[in-house]
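Q: Please give a close account of one part of this model, the interface between its two domains. Which elements and residues make up the contact, and how is the contact described in terms of area and polar pairing?

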Amino acid sequence: MTRRKKLYEGKAKILYEGPEPGTIIQYFKDDATAFNAQKKATLEGKGVLNNKISEFIMTRLGAIGVTNHFIRRLSLREQLVREVEIIPLEVVCRNIVAGSLATRLGQEEGAPLPRSIVEFYLKDDKLGDPMVTEEHITAFNWATTQEIDDILAMTLRINDFLSGMFGAVGITLVDFKIEFGRVWEGEFSRVILADEISPDSCRLWDTATGNKLDKDRFRRDLGDVIESYAEVARRLGIMKDMPTVIQGGLH
Ligand code: C5P
């Protein structure tokens with residue numbers, strides 16, 4: 001037996017070399033961090049919930065033609081994904097004012113936006129993930145103009161689909177963050193959706209009560225973090241697939 005090779009350890013996930021060339025194993029940890037890792041905790045069961053929720057969302061997106069890196073789930077905390085050349089951007093899409101948009105521009109949290117806003121942030125912990133414009137992205141070769149166009153089109157499509165999907169189960173998609181990667185086919189490259197989509201990377205509000213069902217419960221010390229992630233899974237109809245140990249403590 002040989003130990004599998006760890007390629008990268010992030011705040012919430014570990015990436016291991018996959019079983020075949022061009023594949024990677026994405027392992028979901030229970031660790032939660034916020035404010036550029038100044039706040040840390042371990043939330044038992046988070047990795048299992050995010051693995052399952054992200055699998056569900058990526059599969060649904062794949063079915064409507066949003067190409068993404070998900071191949072299949074391997075275990076409670078692991079999924080097999082396609083290896084991509086990471087584009088070093090965090091792409092945020094917003095439907096309602098919240099979080100950094102509210103604080104940075106002095107806008108009231110909860111106000112609907114007249115149209116969805118897409119923002120780009122450079123993935124760089126040392127710099128605190130600064131916001132960047134399309135000019136910065138092309139000037140420093142993080143992505144080409146064509147890739148930015150593709151990213152924008154895919155982001156808006158993902159937003160439309162996920163807003164409808166969550167809306168149907170009484171959840172308002174306030175905003176979310178996604179990441180993209182490049183895959184090569186001969187001399188040509190294509191941009192595909194990568195990373196994860198989960199309550200760690202989205203703001204999800206209960207449409208009826210306004211209750212937060214996402215990572216803001218951790219960031220803002222609101223309690224019931226895991227219960228809220230489980231509620232998202234339950235509404236999406238995937239809680240029944242969870243191990244009894246996770247279902248047990250929750251309702
Ligand atoms: O903090 P901010 O309001 O800019 O976050 C916008 C969205 O992006 C939120 O859904 C948040 O959870 C997500 N996000 C993330 N990872 C980051 C920054 C933001 O998933 N590093």
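A: The following account treats the domain interface and then one residue within it.

This is a predicted model, in which local features need pLDDT of at least 70 and side-chain atom pairs count only at pLDDT 80 or more, while totals for chains, interfaces and linings use all residues. Residues are numbered from 1 along each chain as its sequence is written, and side-chain values use heavy atoms, with hydrogens and water left out.

The domain assignment, which is automatic or taken from a database, divides the chain into domain 1 (6-84 + 225-247) and domain 2 (87-206). Between the C-alpha centres of domain 1 and domain 2 the distance is 18 Å. To the contact (heavy atoms within 4.5 Å), domain 1 and domain 2 contribute 28 residues each.

The size of an interface is often expressed as the accessible area lost when the parts come together. Here the buried area (accessible area, 1.4 Å probe, that two parts lose on being put together, summed over both) is about 2500 Å² between domain 1 and domain 2, with 61% of it on carbon and sulfur atoms.

Polar pairing is described by two counts. Between domain 1 and domain 2 there are 16 residue pairs in polar contact, both residues being at pLDDT 80 or more; a polar contact is a pair of N or O atoms within 3.5 Å, where within protein one must be able to donate a hydrogen and the other to accept it, and residues adjacent in sequence count only if both atoms are side-chain atoms. Salt bridges (a side-chain nitrogen of Lys or Arg within 4 Å of a carboxyl oxygen of Asp or Glu) number 5 across this interface.

On the side of domain 1 that touches domain 2, the elements giving two or more residues are β3 (23-28), α1 (46-63) and α6 (225-235); helices (H or I, at least four residues) and strands (E, at least two) are DSSP runs numbered from the N terminus. Helix α1 supplies the largest share of this side, 9 residues. By class, the side comprises 13 nonpolar (Ala, Val, Leu, Ile, Met, Phe, Trp, Tyr, Cys and Pro), 7 charged (Asp, Glu, Lys and Arg) and 8 polar residues (the others, Gly among them).

Lys-46 belongs to helix α1. With 1% relative accessibility, Lys-46 counts as buried, a class defined as under 20% relative accessible area with a 1.4 Å probe, protein chains only. The side chains of Lys-46 and Asp-200 are joined by a polar contact of 2.6 Å. Leaving aside residues up to four places away in sequence, Lys-46 touches residues including Asp-30, Asp-31, Asp-200 and Tyr-229.

Technical notes: Buried < 20%, exposed > 50% of the residue type's maximum accessible area, 1.4 Å probe, protein only.
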